[in-house]
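Okay, thanks everyone for coming. I'll put the structure up and talk you through it, and please keep it open on your own screens.

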Amino acid sequence: MDYSLVIAAAQAAGPCQPGEEASWGRRVHTLTVDLHMVAKQAAQDIDRLESAKTFVAFLEKVEVEETSRRGLLTLRPPSGDAENIRTEQEETDRGRQLIERARSLVGRWVLVYRYNLVYRYNEEKAGNRQHNVRMLAHLVDLGDGAISVNMAKKVLLDDAAGVVARAQGAWESVGLPDTGTISVEQLQKARAELTG
């Protein structure tokens, strides 16, 4: 058995007062179980993040669907095609936290961690079916509009449909650096140069 959770729980419970050993022991027990559950949930969340697909997108809008009560994010990746991703239900802690975080990032470039949730269901005539739903695992604010040069070049290359010469030409025509970071506005100038 890993006693580190018991030690952490005992530290959180504080010193045991003389004559209070039984109640202190129950408090440590309760805290140990709580910490175990927190650790288990954190491990599941980390596994989900490690297996998630990541991409950069502009967060346009956050709504809550009336029927499912899930947050619905409208994201615009560099390709320009809008993509919708859902959160867990608003009534859950994770769902509420993701919705609040997403609302605070509307109008910004974000790094999106996405996974697919597979729903399986039976229909009498069609048999077993499954439906994939794109789910949000996490969002990272890309700061004050700063994007690493490598990430920005990937965005521009995606916009250029993989044509390196076009992306390089747009990059160089607006005088962007080869290393470091650039602002979202600088990237937008290069994207405009590419389409213009």
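So, the largest nonpolar core: it has 19 residues. This is a predicted model, by the way, so take everything I say as computed from that. The residues with the most contacts inside this core are L142, I147, A152, L156, W171, I182 and L187. Where does the core draw from? β4 (109–123), α4 (149–159), α5 (164–173) and α6 (184–195) each supply at least two of its residues. And there's a second, separate core, with 15 residues, including A57, L75, I85 and L139. As a general point, nonpolar side chains tend to be buried together in soluble globular proteins.

Let me zoom in on L156. Which residues does L156 touch, if we skip anything up to four places away in sequence? The list is A167, A170, W171, A190, R191 and L194.

Three of those names come back when we look at α5. In α5, A167, A170 and W171 are buried. They sit on the same side of α5, because they cover an arc of only 100° around the axis. Turn to the other side of α5 and you find A165 and E172, which are exposed. What do the buried residues of α5 pack against? They pack against α4, β7 (181–183) and α6. Then, following α5, you hit G175, which has a positive phi, near 70°.

Okay, pockets. The largest pocket has a volume of about 170 Å³. Its lining is made of K153, L156, L157, V164, A167, Q168, W171, E172 and D178. So we meet L156, A167 and W171 again, this time as lining residues. Two elements, α4 and α5, give two or more residues to that lining. Which one gives the most? That's α5, with 5 residues. If you sort the lining by class, you get 5 nonpolar, 1 polar and 3 charged residues.

Now let me step back to the whole chain. How many helices and strands are there? The secondary structure comes to 6 helices and 7 strands. Going along the sequence, the pattern reads α-α-β-β-β-α-β-β-β-α-α-β-α. The chain has 196 residues, and buried ones make up 31% of them. As for contacts with a separation of 6 or more, 54% are between residues 24 or more positions apart.

Before I stop, two arginines. Take R94 to begin with, which lies in helix α3, residues 93–104. Is R94 buried or exposed? With a relative accessible area of 18%, R94 falls under the 20% cut-off, so it counts as buried. Its contacts, leaving aside neighbours within four places in sequence, are Q41, D45, R48, E88, L136 and A137.

The other arginine is R26, in helix α2, which runs over residues 21–51. Here the relative accessible area is 54%, which is over 50%, so R26 counts as exposed. If you want to find R26 on your screen, look for A13 too: they are 13 residues apart along the chain, and their C-alpha atoms are separated by 9.9 Å.

To go back to where we started: the 19-residue core, the buried side of α5 with A167, A170 and W171, and the largest pocket, where α5 gives the most to the lining. That's my tour, so over to you for questions.

Definitions and conventions:
Residues are numbered from 1 along each chain as its sequence is written. This is a predicted model: local features need pLDDT of at least 70, side-chain atom pairs count only at pLDDT 80 or more; totals for chains, interfaces and linings use all residues. Side-chain values use heavy atoms; hydrogens and water are left out. A nonpolar core is a set of buried Ala, Val, Leu, Ile, Met, Phe, Trp, Tyr and Cys residues joined through side-chain atoms within 4.5 Å. Buried means under 20% relative accessible area, exposed over 50%, partly exposed in between (1.4 Å probe, protein chains only). Helices (H or I, at least four residues) and strands (E, at least two) are DSSP runs, numbered from the N terminus. Contact means heavy atoms within 4.5 Å. The arc is that of the directions from the helix axis to the C-beta atoms. On a 1 Å grid over the protein atoms alone, a cavity is a set of points where a 1.4 Å probe fits but cannot get out, and a pocket is an open set with protein on both sides within 12 Å along at least five of seven lines; lining residues have an atom within 4 Å of a point. Grid points are joined across faces, edges and corners, and a volume is the space filled by probe spheres set on the points. Ala, Val, Leu, Ile, Met, Phe, Trp, Tyr, Cys and Pro count as nonpolar, Asp, Glu, Lys and Arg as charged, and the others, Gly among them, as polar.
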